[in-house]
Amino acid sequence: MVHALEEVQRLLKSTGRLIDIQPLIEAPLLQVHKENRVVFVEPDPSYDYEEDLKQADAALTHVIKRGLLVIEERSEFDFLTHGSSAQELLAFWDKASADDDISEDLAEQRIKEVYARVEEIRQAAGQGAEVALHERGRILRLKPNARNDEPP
Amino acid sequence: MTVRVDPENNETRALLNLVDFTGKRVLEIGCGDGRLTWRYADRAEHVTAIDPKAAAIRRAKENLPEELKGHVEIHQFKFEDFSATSKPSSFDSIIFAWSF
């Protein structure tokens, strides 16, 4: 990750900017929505990347401390993915991670069980209820510090 | 109903609040199926979008809007392979999105 950020700095023009968009280090929430209200919330059972996020943050902190990149702006936002049912969302994630190395283990079974329970709650909430995954994202704008290989 | 990703446009708004893409050469690392790319690419001069995942790149190429053809390039690449063959100071903006 540090090497990737070093390469980003190399590929940016001196006037260029890196935009880094990542989820916050907190579990996303699986929600049931009905008439624009959240009627049920449960932490997403598939959240298993906290360590990856911490490592990415550590790498960014490292290159900033070295002075390769400087944070100019930071903000946060809500990021929601809506589905008409829990199964639809689950199928969407399966498709999105088609190239990932997914193991059929107990965690996978637990994810399916939680999504099945959320679907029961959605159906009990009545017509028009939907399921959403609510993540918090953060976005950074960073500028590269001057390099020696580019004319001023 | 199909799955809707960020229909509130919160991410797009946050992005466009931080960057003016007008006339910029952009590299997007981890473009996935192009979901975010389509939301800003019309403003940029040129976008190179890369992702190492074959299925995602296939979907991105299938979904590339007609009006963006010609100034959006989509390639299946790991970033380290892409950068190894790229010249320094090539891009005005680099987007690293959800690809920690």
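Visitor: How many residues does each chain put into the contact?
Guide: Chain A gives 39 residues and chain B gives 34 residues. Keep in mind that this is a predicted model.

Visitor: Which parts of chain B supply the side that touches chain A?
Guide: Five elements of chain B each supply at least two residues: β1 (4-5), α1 (10-18), α3 (54-63), α4 (79-84) and β5 (91-97).

Visitor: And which one gives the largest share?
Guide: That is β5(B), with seven residues of the side of chain B that touches chain A.

Visitor: What classes of residue are on that side of chain B?
Guide: The side of chain B that touches chain A has 21 nonpolar residues, along with seven charged and six polar ones.

Visitor: Back to β5(B). Is the strand mostly covered or mostly open?
Guide: Mostly covered: seven of the seven residues in β5(B) are buried.

Visitor: What does β5(B) pair with in chain A, and how many bridges are there?
Guide: Strand β1 of chain A, residues 12-23, is joined to β5(B) by six bridges, and the two run parallel.

Visitor: Which residues stand opposite each other there?
Guide: Leu12(A) is opposite Phe91(B). Further along, Asp20(A) has Phe96(B) as its bridge partner in β5(B).

Visitor: Which strand of chain B itself pairs with β5(B)?
Guide: Strand β2 of chain B, residues 25-29, pairs with β5(B) over four bridges, in the parallel sense. In that pairing, Glu28(B) stands opposite Ile95(B). So β5(B) has bridges to β1 of chain A and to β2 of chain B, by the DSSP count of at least two bridges for a pair.

Visitor: New topic: helices in chain A. How do α1 and α2 cross?
Guide: The axes of α1(A), residues 2-11, and α2(A), residues 50-65, come within 9 Å and cross at roughly 50°. That angle makes α1(A) oblique to α2(A).

Visitor: Left-handed or right-handed?
Guide: The crossing of α1(A) past α2(A) is right-handed.

Visitor: Which residues meet there?
Guide: From α1(A), Val2(A), Leu5(A) and Glu6(A). From α2(A), they meet Ala59(A), Leu60(A), His62(A) and Val63(A).

Visitor: What classes are those?
Guide: The contact of α1(A) with α2(A) has five nonpolar residues, one polar and one charged.

Key
Residues are numbered from 1 along each chain as its sequence is written. Chains are lettered from A and ligands numbered from 1 in the order in which they are written. This is a predicted model: local features need pLDDT of at least 70, side-chain atom pairs count only at pLDDT 80 or more; totals for chains, interfaces and linings use all residues. Two residues are in contact if their C-beta atoms, placed from the backbone, lie within 7 Å. Ala, Val, Leu, Ile, Met, Phe, Trp, Tyr, Cys and Pro count as nonpolar, Asp, Glu, Lys and Arg as charged, and the others, Gly among them, as polar. A residue is buried if 20 or more other C-beta atoms lie within 10 Å of its own, exposed if 12 or fewer, and partly exposed in between; C-beta atoms are placed from the backbone. Axes are lines fitted to C-alpha atoms, for helices over the stretch in contact, and angles run from 0 to 180 degrees between N-to-C directions. Angles under 35 degrees count as roughly parallel, over 145 as roughly antiparallel, 65 to 115 as roughly perpendicular and the rest as oblique. A crossing is left-handed if the near helix is turned anticlockwise from the far one by less than a right angle, and right-handed if clockwise.
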